[in-house]
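Take a look at the model below. This report walks through a few of its features, one region at a time.

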Amino acid sequence: MKIIEKNRIMDEAGIRRALTRISHEIIERNKGVSDLAMVGIRRRGGPLAERIAQKIKEIEGVEIPVGVLDITLYRDDLTTLASQPMVHRTEVPFDVTGKVIVLTDDVLYTGRTVRAALDALIDLGRPKCIQLAVLIDRGHRELPIKADYVGKNVPTSRKEIITVRMKEIDGKDEVVIEEIVET
């Protein structure tokens with residue numbers, strides 16, 4: 001088996017435009033940025049949260065707090081991942097209680113990652129509300145979870161893989177659809 005790239009659906013400029021739009025939508029929906037904070041789901045949700053916070057600062061002139069959430073121990077498939085799963089640190093350097101939290105992730109698929117993140121976030125306090133921002137919504141939900149802010153909706157088959165690459169982690173920005181093929 002090998003993985004082949006089928007289609008590049010976003011480049012650096014496309015990601016930048018999507019995050020700019022999401023930032024404006026967050027400000028509009030919340031009528032400003034009062035009590036707003038960003039929390040990214042560890043790996044690519046973290047840089048997305050940072051970038052959106054930076055865009056909001058450029059637009060509103062206000063710096064909003066940003067944190068990163070590790071959901072490893074909250075996953076419902078923990079026992080199938082590995083005998084010793086890698087647990088990273090949650091870094092939310094502010095009290096979430098009473099805040100409007102915008103939870104960010106790169107791809108929304110089954111909804112299970114978001115469910116785990118909601119559990120982890122609630123363990124930190126009681127936010128006023130939690131909104132969800134994702135760069136890509138690919139469908140195939142298994143739980144009743146819907147994003148409030150979406151960079152791009154990408155209908156996919158279950159055989160396809162959406163790969164998000166970000167400069168902060170991967171050295172470049174792009175979103176590609178890949179497929180596993182038998183060799």
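What follows covers an internal cavity, salt bridges, a surface patch and some single residues. The model is predicted.

## The cavity

How many cavities of 30 Å³ or more are there? The count comes to one. About 30 Å³ of space lies in the largest cavity. Its lining is made up of Leu19, Ile22, Leu48, Ile52, Thr104, Asp105, Ala133, Val134 and Leu135. Four elements each give two or more residues to this lining: helix H1 (12-29), helix H2 (45-60), strand E4 (100-108) and strand E5 (129-137). Which element gives the most? E5 does, with three residues.

By class, the lining has seven nonpolar residues, one polar residue and one charged residue.

## Salt bridges

The whole structure holds 20 salt bridges. Three of them are set out here, with the distance between N and O atoms.

| Pair | N to O distance |
|---|---|
| Lysine 6 and glutamate 179 | 3.3 Å |
| Arginine 51 and glutamate 168 | 2.7 Å |
| Arginine 141 and aspartate 137 | 2.8 Å |

Start with lysine 6 and glutamate 179, whose side chains meet in a salt bridge. This pair links distant parts of the chain. Lysine 6 sits in strand E1 (residues 2-10) and glutamate 179 in strand E8, 173 residues apart. Are the two partners buried or partly exposed? Lysine 6 is partly exposed, at 44% relative accessibility. Glutamate 179 is buried, with a relative accessible area of 18%. That value counts as buried because it is under 20%.

Next come arginine 51 and glutamate 168, joined by a salt bridge of 2.7 Å, N to O. Arginine 51 lies in helix H2 and glutamate 168 in helix H5 (residues 167-170), so the pair ties together parts that are 117 residues apart in sequence. Arginine 51 counts as buried, at 19% relative accessibility. Glutamate 168 is partly exposed, and its relative accessible area is 47%.

In the third pair, the closest N and O atoms of arginine 141 and aspartate 137 are 2.8 Å apart. Arginine 141 is partly exposed, with a relative accessible area of 26%. Aspartate 137 is buried, at 11%.

Some salt bridges share partners. They join Glu5, Arg8, Arg165, Lys172, Glu174 and Glu178 into one network.

## Back to lysine 6

Lysine 6 also has a contact of another kind to look at. Its C-alpha atom and that of glutamate 160 are separated by 8.9 Å. Along the chain, these two residues are 154 residues apart. Glutamate 160 lies in strand E7 (residues 160-165). Is glutamate 160 buried or exposed? It is buried, with a relative accessible area of 12%.

## A nonpolar patch on the surface

Which residues form the nonpolar patch? They are Met1, Ile3 and Ile180, and together they have about 320 Å² of accessible area. Isoleucine 180 is found in strand E8 (residues 174-181). Its relative accessible area is 39%, which means that isoleucine 180 is partly exposed.

## Residues in loops

Leucine 124 is found in the loop between helix H4 (112-122) and E5. It is partly exposed, with a relative accessible area of 38%. The C-alpha atoms of leucine 124 and valine 92 are separated by 8.6 Å. Along the chain, the two are 32 residues apart.

Two other loop residues have a positive phi. One is aspartate 35, with phi near 60°. Aspartate 35 is not a glycine, and its phi is positive all the same. Where is aspartate 35 found? The loop between H1 and strand E2 (36-41) holds it. With a relative accessible area of 40%, aspartate 35 is partly exposed.

The other is arginine 43. Its phi is near 100°, again a positive value in a residue other than glycine. Arginine 43 has its place in the loop between E2 and H2.

Definitions and conventions
Residues numbered from 1 in each chain as written. Predicted model: local features only at pLDDT ≥ 70, side-chain atom pairs only at ≥ 80, totals over all residues. Heavy atoms only, no water. 1 Å grid on protein atoms, 1.4 Å probe; cavity = no way out; pocket = protein on both sides within 12 Å on 5 of 7 lines; lining within 4 Å. Points joined across faces, edges and corners; volume = space filled by probe spheres on them. Nonpolar A, V, L, I, M, F, W, Y, C, P; charged D, E, K, R; others polar. Patch = residues over 30% accessible without salt bridge, like charges linked within 9 Å, V, L, I, M, F, W, Y side chains within 5 Å. Areas by Shrake-Rupley, 256 points an atom, 1.4 Å probe, with all protein chains shown as cover. Salt bridge = Lys/Arg side-chain N within 4 Å of Asp/Glu carboxyl O. Buried < 20%, exposed > 50% of the residue type's maximum accessible area, 1.4 Å probe, protein only.
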